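Trainee: I am new to this structure and would love a close look at one part of it. Could you walk me through it slowly?

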Amino acid sequence: MRALRQRGTRVVAEVDDDFFSQEARTRLARAEYDPERLASVDRLVRAADAVVTSTEPLRAVLAAQGVDAVVVPNALQPGMWGDTAVRPDPAGPRRVLYMGSATHGDDLALLRPVFDGFTDTDGRPVRLEVVGVTADAADQEWYDRLDLGTAAHYPDFIAFLRARAERWSAGVAPLTGDRFNDAKSDLKFLEYSMLGLPFVGSDRPSYAGVDAHGGLLTTDDPSAWRAALLEAFREPAPRVARAQAYVRAERLVGAEPTWRTALGL
């Protein structure tokens with residue numbers, strides 16, 4: 001930061017998660033975020049010339065910490081995605097994708113009763129397939145894990161998912177009801193949609209409004225989750241088409257000059 005100041009370089013910090021409230025830090029510590037790592041994020045954000053964040057609740061979290069931020073909704077990079085619904089393998093069990101970072105272990109637990117003995121209307125078993133989300137390998141007989149291998153860099157991660165997209169019949173995004181999750185964005189709706197998967201997510205502030213664009217929202221009740229997933233399985237193509245049309249029109253980087261406006265350029 002000192003070197004950048006000496007060169008007259010402005011610094012913009014982009015924040016997409018709550019790294020600041022005590023509740024969030026407790027949750028991040030459980031996900032093995034080192035306290036010094038969190039402290040370095042705090043120093044960087046406070047020293048930046050401008051701070052950009054993805055949601056209004058997250059802007060409010062920063063404001064409570066004395067940090068001014070501008071909201072720019074998340075958007076996807078063009079050229080990395082498909083343009084149709086996938087056609088999953090009709091044989092064997094149905095698979096449902098849940099992918100995310102290691103902060104989502106509690107969210108994953110919401111799905112256990114959903115997938116316990118779950119079958120579709122044809123009697124096919126429905127299995128949850130997890131990419132990332134939790135490092136805990138114990139007690140996972142109720143879901144399957146797909147190893148990322150070396151695909152940790154984001155473009156490689158998206159290529160990894162796209163190469164396997166026809167494994168899945170839907171993508172899910174469970175969220176427990178807490179302030180850390182309420183500050184999150186609708187990024188998973190964007191990503192699942194552009195992978196060609198119908199979206200089923202928790203009816204939380206993060207996903208408010210996605211049902212107007214083909215997404216399905218549900219309460220925490222396992223029967224409600226199952227009903228939403230069965231609905232997603234029935235006619236996925238129209239839902240994915242609506243979602244992708246929305247993302248292309250409004251949620252691709254460059255679709256609107258929001259970044260330039262936010263930074264005063």
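Trainee: How many cavities of 30 Å³ or more does the structure hold?

Mentor: Happy to help, and please keep in mind that this is a predicted model. The structure holds 1 cavity of 30 Å³ or more. The space inside the largest cavity comes to about 40 Å³. To find it on your screen, look for the residues that line it: Pro88, Asp89, Ala91, Pro93, Arg94, Arg95, Arg124, Glu166, Arg167 and Ser169. Sorted by class, this lining has 6 charged residues, 3 nonpolar ones and 1 polar one.

One of the lining residues, Arg94, is a good place to pause. The side chain of Arg94 meets that of Asp120 in a salt bridge, with 2.8 Å from N to O. This pair links distant parts of the chain: Arg94 sits in strand S4 (residues 94-100), while Asp120 belongs to the loop between helix H6 (112-115) and strand S5 (126-132), 26 residues apart. Both partners, Asp120 and Arg94, are buried.

From here we can follow the salt bridges outward, and the structure holds 15 of them. Strand S5, which you have just met as one end of that loop, carries Arg127. Arg127 forms a salt bridge with Asp144, and their closest N and O atoms are 2.8 Å apart. Asp144 is in strand S6 (residues 143-145), so that this pair too links distant parts of the chain, 17 residues apart. Why do Arg127 and Asp144 count as partly exposed? The label covers values between the 20% limit for buried and the 50% limit for exposed. Arg127 is partly exposed because its relative accessible area is 24%, and Asp144 is partly exposed because its value is 29%.

Another salt bridge joins the side chains of Arg251 and Asp186, again with 2.8 Å from N to O. Arg251 lies in the loop between helix H11 (236-250) and helix H12 (258-262), and Asp186 lies in the loop between helix H8 (179-182) and helix H9 (187-195), so the pair ties together parts that are 65 residues apart in sequence. Arg251 counts as buried because its relative accessibility is 7%, and Asp186 is buried as well, with a relative accessible area of 11%. Salt bridges can also join up: Arg25, Asp42 and Arg46 are linked in a network of them.

Helix H11 deserves one more glance, since Gln244 lies in it. Gln244 is buried, with a relative accessible area of 2%. The side chain of Gln244 reaches the backbone nitrogen of Thr84 at 3.4 Å.

To finish, turn to a sheet. Here 3 strands form an open sheet in the order S1-S2-S3, with parallel pairing. Strand S1 (12-15) and strand S3 (70-71) are the edge strands, each pairing on one side only. Strand S1 and strand S2 (residues 50-53) run parallel and are joined by 4 bridges. If you would like one pair to pick out by eye, take Ala13, whose bridge partner in S2 is Val51.

Definitions and conventions. Residues are numbered from 1 along each chain as its sequence is written. This is a predicted model: local features need pLDDT of at least 70, side-chain atom pairs count only at pLDDT 80 or more; totals for chains, interfaces and linings use all residues. Side-chain values use heavy atoms; hydrogens and water are left out. A salt bridge is a side-chain nitrogen of Lys or Arg within 4 Å of a carboxyl oxygen of Asp or Glu. Helices (H or I, at least four residues) and strands (E, at least two) are DSSP runs, numbered from the N terminus. Buried means under 20% relative accessible area, exposed over 50%, partly exposed in between (1.4 Å probe, protein chains only). On a 1 Å grid over the protein atoms alone, a cavity is a set of points where a 1.4 Å probe fits but cannot get out, and a pocket is an open set with protein on both sides within 12 Å along at least five of seven lines; lining residues have an atom within 4 Å of a point. Grid points are joined across faces, edges and corners, and a volume is the space filled by probe spheres set on the points. Ala, Val, Leu, Ile, Met, Phe, Trp, Tyr, Cys and Pro count as nonpolar, Asp, Glu, Lys and Arg as charged, and the others, Gly among them, as polar. Two strands pair if DSSP finds at least two bridges between them. A polar contact is a pair of N or O atoms within 3.5 Å; within protein, one must be able to donate a hydrogen and the other to accept it, and residues adjacent in sequence count only if both atoms are side-chain atoms.
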